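Got the viewer open? Let's take a short walk through this one, selecting as we go.

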Amino acid sequence: MATIKKIEAEGKELTLRASALTPHLYRIIFGRDIIKDMYTLKEALTKADGRTTEEKNLTLLNNVSFEMFDKATYIMCMQGDEATRHKPPEEWQPFEDWLDSFDSITSLYQLLPATLEVWFKNEQTTSIPKKK
């Protein structure tokens, strides 16, 4: 089952959706492995925990390409948009146009916690292992 979260950015309601299709779409559109990229992002955030805002930003800038985050958020937003979700990716709003729809970079990065939450919640297993 997909993980879905509704959030607001710049007065727009966005729906983030992650499912088994998310890694496939990410690889098709961007040619990268979302699993590796999200863990890289999570590791950098963990390293930055407990630091001042300036130190945290420096740690993130030194360890992460925010382009990974932008791309993951884009895929999840396109999957969460009912008008887009069932269309082939070639018919989606282009990534650069989607980025340009945000007035400021700060607005986009405020989506980071929600993007990580949706991704890692979707990644959790729901099966119960059987002991032998």
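This tour has two stops, a pocket and a pair of helices, in what is a predicted model.

**Stop one: the pocket**

Start with the largest pocket, which holds about 210 Å³ of space. Select E13, L14, T15, C77 and D81 and show their side chains: of the 13 lining residues, these are the closest to the pocket's centre. Now colour β2 (12-18) and α4 (66-80), the elements that each give two or more residues to this lining. Which element gives the most to the lining? That's β2, with 4 residues. Try colouring the lining by residue class too: you'll get 5 nonpolar, 4 polar and 4 charged residues.

**Stop two: the helix pair**

Keep α4 on screen and add α1, residues 22-30. How do the two pack, in angle and in distance between axes? The angle is about 120 degrees, and the axes lie 10 Å apart. Angles of 65 to 115 degrees count as roughly perpendicular and those over 145 as roughly antiparallel, so α1 is oblique to α4. Turn the view until one helix lies over the other, and look for a right-handed crossing.

Next, zoom in on where they touch. On the α1 side, select T22, L25, Y26, I29 and F30. On the α4 side, pick M68, K71, A72, Y74, I75 and Q79. What kinds of residue make up this contact? Colour by class once more and you'll find 8 nonpolar, 2 polar and 1 charged.

Note on methods: Residues are numbered from 1 along each chain as its sequence is written. This is a predicted model: local features need pLDDT of at least 70, side-chain atom pairs count only at pLDDT 80 or more; totals for chains, interfaces and linings use all residues. Side-chain values use heavy atoms; hydrogens and water are left out. On a 1 Å grid over the protein atoms alone, a cavity is a set of points where a 1.4 Å probe fits but cannot get out, and a pocket is an open set with protein on both sides within 12 Å along at least five of seven lines; lining residues have an atom within 4 Å of a point. Grid points are joined across faces, edges and corners, and a volume is the space filled by probe spheres set on the points. Ala, Val, Leu, Ile, Met, Phe, Trp, Tyr, Cys and Pro count as nonpolar, Asp, Glu, Lys and Arg as charged, and the others, Gly among them, as polar. Axes are lines fitted to C-alpha atoms, for helices over the stretch in contact, and angles run from 0 to 180 degrees between N-to-C directions. Angles under 35 degrees count as roughly parallel, over 145 as roughly antiparallel, 65 to 115 as roughly perpendicular and the rest as oblique. A crossing is left-handed if the near helix is turned anticlockwise from the far one by less than a right angle, and right-handed if clockwise. Contact means heavy atoms within 4.5 Å.
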